[in-house]
Amino acid sequence: MSDCEEDLAERRIKIVLVGDSGAGKTSIAVKFCNDEFTRQYTPTAGIDFFLKNVGLGCYKNVNLHLWDVGGLALHGNMLDKYVFGAHIILLVYDVTNSSSFEILQEWIAEIKELNNIFLKRPLMAIVGNKCDMEHQRTVKREKSLRFAAENGFPYHDVSARTGEAVSLCMINLAAQILGVRLTRMDQEFHRPIVTAEIGDTVDVSTVQKVVKRYPKKQNPVDLNRSPPGSKSSVCSLQ
Ligand SMILES: Nc1nc2c(ncn2[C@@H]2O[C@H](COP(=O)(O)OP(=O)(O)O)[C@@H](O)[C@H]2O)c(=O)[nH]1
Ligand SMILES: [Mg+2]
């Protein structure tokens, strides 16, 4: 039986988003799953879950499970539980915030330390978020591309605010995991119509204040429970 024939059954892909607080991990997940964006910043305590079903090539029912990890997990003791079984790990940084880029090095080092927990090495990708704020970019694109290439990771620039490349990034990486070659039509389907407002959406000083006030320790979560319905959303693109 070919891979595709057997695939009336569901496929499940675990995608973990990590990176600095304020980089836009939650916004990317919310944009991808709910097609929503808010300027308000609410730090993620521990972890949040999101779900989206998509059709990919001949696979008609692919469940993308997004694990949105709070930035403080870097120095916590739950990171191994969060990334366990991940197919894809997105290392998210904010293109207007250099320190969010520099800290990716630490995330990579922590995740590499956990290598023995992976049956199969996850696909890791660098994601430069907030590319709608090109005029405020502080991390040069060439620098991020070089960094990704040196680590052997794919690179994606996205904007959770406009939706630019958010779906394409997820879909391309998921397709790589499934060994599916996306057609031009698939690519077009996941390319959003980008509309931008005039003016900045985010008050950076608010983000910094919130990040500073955020408590040091986080509560562990019960990993045996399913992703909670209230926090997840299922959108079908078929
Ligand atoms: N302009 C712009 N702001 C964004 C974007 N993504 C997130 N933000 C803002 O950045 C702040 C932090 O986002 P959030 O998703 O909570 O970051 P997280 O801590 O990594 O989960 C929020 O105020 C968002 O509105 C983006 O693509 N463009
Ligand atoms: Mg968050």
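This report describes the fold, the sheet, the ligand shell and two loop residues of a predicted model.

Residues are numbered from 1 along each chain as its sequence is written, and chains are lettered from A and ligands numbered from 1 in the order in which they are written. Because the model is predicted, local features need pLDDT of at least 70 and side-chain atom pairs count only at pLDDT 80 or more, while totals for chains, interfaces and linings use all residues.

**Confidence and overall fold**

The average pLDDT of the chain is 83, and 76% of the residues score at least 70; pLDDT is the predictor's confidence in each residue, from 0 to 100. Over residues 205-238 pLDDT stays under 50, and the model has 47 contacts beyond four places in sequence for this stretch. Two residues are in contact if their C-beta atoms, placed from the backbone, lie within 7 Å. Where pLDDT is low, the predicted coordinates should not be read in detail.

The chain holds eight helices and six strands, in the order β-α-β-β-α-β-α-α-β-α-β-α-α-α from the N terminus. Helices (H or I, at least four residues) and strands (E, at least two) are DSSP runs, numbered from the N terminus. Of the 238 residues, 36% are buried. A residue is buried if 20 or more other C-beta atoms lie within 10 Å of its own, exposed if 12 or fewer, and partly exposed in between, with C-beta atoms placed from the backbone. Among contacts between residues at least 6 apart in sequence, 77% join residues at least 24 apart.

**The sheet**

The six strands form an open sheet with the order 2-3-1-4-5-6 and mixed pairing; two strands pair if DSSP finds at least two bridges between them. Strand 2 and strand 6 (155-157) stand at the edges with a single partner strand each, so one side of each has no neighbour in the sheet. On average, neighbouring strands are turned by 25 degrees against each other, direction ignored. Strand 2 and strand 3 run antiparallel and are joined by nine bridges; Val54 stands opposite Val62 in strand 3.

Helix 4 (residues 104-113) packs on the sheet and touches strand 1, strand 4 and strand 5, its direction making about 160 degrees with that of strand 4. Helix 5 (residues 141-151) lies across strand 5 and strand 6, at about 170 degrees to strand 5. Axes are lines fitted to C-alpha atoms, for helices over the stretch in contact, and angles run from 0 to 180 degrees between N-to-C directions.

**Helix 1 and ligand 1**

Nine of the 10 residues of helix 1 are buried, among them Lys25, Thr26 and Phe32. Their cover includes strand 1 (11-19), strand 4 (88-94) and helix 6 (166-178).

Helix 1 (residues 25-34) also gives the most to the shell around ligand 1, with three residues. The shell has 23 residues, of which Gly24, Thr26, Ser27, Tyr41 and Arg161 come nearest; a residue is near a molecule if its C-beta atom, placed from the backbone, lies within 6 Å of it. By class, seven are nonpolar, 11 polar and five charged. Ala, Val, Leu, Ile, Met, Phe, Trp, Tyr, Cys and Pro count as nonpolar, Asp, Glu, Lys and Arg as charged, and the others, Gly among them, as polar.

**Positive phi in two loops**

Two residues other than glycine take a positive phi.

| Residue | Phi | Loop | C-beta neighbours |
|---|---|---|---|
| Asp35 | near 55 degrees | between helix 1 and strand 2 | 13 inside 10 Å, partly exposed |
| Ala165 | near 65 degrees | between strand 6 and helix 6 | 21 within 10 Å, buried |
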